[in-house]
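Please find below my notes on the two-chain model. They are set out as numbered points, to be read beside the coordinates.

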Amino acid sequence: MPRNRTARSAVLGLNVRRPASPRPLSSRNTSALRRRIVLGTLVVLALALITISFREQSSGPLHDAQGAVASALQPVEVAVERVARPFRDAYGWTKGLFHARSEAERLRAENEQLKQEVIQNESALQENVVFRRLLDYRDSPAFPADYDGIAAEVLVRPSSAFEQEIVVAAGSGDGVEVNAPVVTAAGFVGTVTSVTEDAARVRLLTDESSAVSALDLRTGASGIVRPGQSGDALVLDRVSKREHVEVGDEVITAGWRSAGLASLYPKGIPIGHVSFVGRLSTDLWQQVLIRSDVDFSAIDAVLVLVSRRPAPELP
Amino acid sequence: MRAADGALAGAIVFVAALLQVTLVASLDVAGGAADLLLLALVALALLRGAVTGAVAGFAGGLLVDITTLDTLGVSALLYALIGYWTGRYGETTGRDRAHAPLLAVLVATVAVAYAGYGLHFLIGDDVSARRALFDTLLPTLALNLLLGRPVFALCRSLLGRSAGRDHAPEVRLFG
C-alpha cells in the first residue's frame, strides 16, 4: 500500500491520496492545540480552586464567593426541590413500602427466634433452680454422710403408667453402680437398676417391685414402703399396731445394718409424710399411707448417691 | 458551536446538576444513586466533542461543589477530565457506534468513583474505600447504565444529532 493512502481508502479501493506532507498549522493541529489549551486551563483552574479552597480559612474570599453563589442559587434549588418533592415522596413511599414488608418479615423471623430463646432461657432457668436445690441439699447436713451425690439430668421419663422407671445422665463413668439410691432435694426417688457408661436406669419408688425399709421419724416405728394402689400414693407396710403413728409424721429411710449386712439405702433420706392412718381389728398391721414430696411425674434432675465406703460383703 | 447551542448545553448541565443535588442523589437504590450530571455530561461530550465536554464538566462540577458547599474544584476537575475523555472517545473510536454511550457511561462512572476517592483521600477527607469503591459503586453503575441511553437520547433530541459539533476529526473519512 502506498504510504500516502489511508487504510480505509485502500480497503474501499478508492484512489484517493492523502497529502504527501501535512501542512504546518493545519486546522486539525489548530483544533488539537485549542483543545489542549482548554483542557489545561480547566485543569489548572480546578487545581487552583482546590488548593485555595483547601488552604483558605472558612471566612476567606473564595469561601465567601462560594457562599454568595450558593445563596444566589438557593431560590433555584428550592424551586427545583419543590418540583421534585412529589417524586421524591412517591419514591420514598414506595421504597418504604418495600422496606416495611421486608422489615416485617425480618421482625417476624426475629420474633420467632426470640420466642425460642425465651423458652430456652426459661427452661435453663428452671434447670438451674432444680440443680441449685440439689446442690443445696447435697451441701446440707441432711445429706447422707459417706456418700457422694452425682447430679444428673433426667433423660427419659416414664413413658406410661405401667413403667415407673427413668433414665438419668450419669453412668458407670461417673461412678454410678447398680442399686445406688437416687434422691432429690424433696426425698427418695428410687434405685439404679442398670448402668451404662453414660446413663443409668432408675426404678422409681412408685414401681410395683420397689420396697424400701423405712421408719417414722417421730415414733421410730419401722416398716416397709411400697407403692400404693393409686398414683404416687405410697404405703408404709408392716407397722405394728402398738406404734402410734399420726398423720403428718415424717417417714425416712431406715438404713439398717446388722451382722455384716446393710440396707442399700443410707439412713435418713426423707420419703414422705403420713397422710392416713387406719387400724382395723382384722388386720395384723396398721394401714399407713404416705404422700411423697417428690413429684414422680415431673422429675428434672436427681442426685445419684455413690458410697465412699466399699460395699459390705455377703456372708 | 453556535451560541444558542452552547446556551442549550449550559442549560442541560445546569438543570442536571441541580436535579442531581436536590433529587437524584437522595433516590438511593441498594445503597447507590444515579449520577444524572455524569450522564448528561457523557451525552453532551459524545454529541459535541471534547472541548464542550470539558467545559460542561468543569461548569457542572463547579456548580455541584458550590451548591453542596464542598471543596471547590474537586468535582469540577473530575467532571472536566471525564468530559474531555468522553469527548475524545466520541470523536475517535466511539464515533457513530451504538454502544458508545453505554461504554462511556461505564468507564466514566468507574473513573469518577476511583478518581474521586483518590482526590478526596489526597485532601484528607474521611472516605470509606469499601463504601466508595464497592458498596455504592456497583448499584450506581447499574443505575447509570440503566439511565444512560434514555438520557443520551433526550440530550440528542434537545441538541440535534450533528448541529454545532465541534469535534476535531482525528480520523479523516473518505468516500
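1. Is Asp136(A) buried or exposed, going by its C-beta neighbours inside 10 Å? This is a predicted model, and in it Asp136(A) has 11 such neighbours, so the residue counts as exposed; the cut-off for that class is 12 or fewer. Asp136(A) sits in helix H3 of chain A. From its C-alpha to that of Ala185(A) is 8.1 Å, although 49 residues separate the two in sequence.

2. On confidence, the predictor assigns the complex an ipTM of 0.81 and a pTM of 0.52. The average pLDDT of chain B is 84, and 91% of its residues score at least 70.

3. Chain A has 315 residues, of which 24% count as buried. Its secondary structure consists of three helices and 14 strands. Taking contacts in chain A between residues at least 6 apart in sequence, 56% join residues at least 24 apart.

4. One closed barrel in chain A has six strands in the order E1-E2-E5-E4-E3-E14, with antiparallel pairing. On average, neighbouring strands of this sheet are turned by 45° against each other, direction ignored. Within the barrel, E3(A) pairs with strand E14 (residues 301-307) of chain A in the antiparallel sense, over two bridges. Val183(A) is the residue opposite Leu303(A) in E14(A). H3(A) packs on this sheet and touches strand E1 (147-156), E3 and E14 of chain A; the direction of H3(A) makes about 30° with that of E14(A). Asp136(A), the exposed residue of point 1, belongs to this helix.

5. A closed barrel of six strands also runs E6-E7-E8-E13-E12-E9 in chain A, again with antiparallel pairing. Here the average turn between neighbouring strands is 40°, direction ignored. Strand E6 (residues 212-216) and strand E9 (residues 250-253) of chain A run antiparallel and are joined by three bridges. Ala214(A) has Thr253(A) as its bridge partner in E9(A). As background, strands of a sheet pair through backbone hydrogen bonds, either parallel or antiparallel.

6. Which residue in the loop between strands E2 and E3 of chain A deserves a look at its backbone? Asn179(A) lies there, between strand E2 (165-168) and strand E3 (181-184). Asn179(A) has a positive phi of about 75° and is not a glycine. Most residues other than glycine have a negative phi. Asn179(A) counts as exposed because it has 12 C-beta neighbours inside 10 Å.

7. Chain B also has a non-glycine residue with positive phi: Ala30(B), at about 55°. Ala30(B) is in the loop between helix H1 (3-22) and helix H2 (36-48) of chain B. With 12 C-beta neighbours inside 10 Å, Ala30(B) is classed as exposed.

8. Chain B is made of seven helices and zero strands; from the N terminus on, the elements run α-α-α-α-α-α-α. Of its 175 residues, 47% are buried. For contacts in chain B with a separation of 6 or more, residues 24 or more positions apart account for 73%.

9. How many residues of H4(B) are buried? The count is 18 of its 18 residues, and the helix is mostly covered. Helix H4 of chain B covers residues 74-91. From first C-alpha to last it reaches 26 Å, close to the 26 Å expected at 1.5 Å a residue.

10. The contact between the chains takes 33 residues from chain A and 27 residues from chain B. On the side of chain A that touches chain B, the elements giving two or more residues are helix H1 (7-12), helix H2 (27-55) and helix H3 (61-139). H2(A) gives the most to that side, with 14 residues. By residue class, this side of chain A divides into 22 nonpolar, five polar and six charged. H3(A) thus appears in two places in these notes, as one of the helices on the side that touches chain B and as the helix packed on the sheet of point 4.

Technical notes
Residues are numbered from 1 along each chain as its sequence is written. Chains are lettered from A and ligands numbered from 1 in the order in which they are written. This is a predicted model: local features need pLDDT of at least 70, side-chain atom pairs count only at pLDDT 80 or more; totals for chains, interfaces and linings use all residues. pLDDT is the predictor's confidence in each residue, from 0 to 100. Helices (H or I, at least four residues) and strands (E, at least two) are DSSP runs, numbered from the N terminus. A residue is buried if 20 or more other C-beta atoms lie within 10 Å of its own, exposed if 12 or fewer, and partly exposed in between; C-beta atoms are placed from the backbone. Two residues are in contact if their C-beta atoms, placed from the backbone, lie within 7 Å. Ala, Val, Leu, Ile, Met, Phe, Trp, Tyr, Cys and Pro count as nonpolar, Asp, Glu, Lys and Arg as charged, and the others, Gly among them, as polar. Two strands pair if DSSP finds at least two bridges between them. Axes are lines fitted to C-alpha atoms, for helices over the stretch in contact, and angles run from 0 to 180 degrees between N-to-C directions. The expected span of a helix is 1.5 Å times one less than its number of residues.
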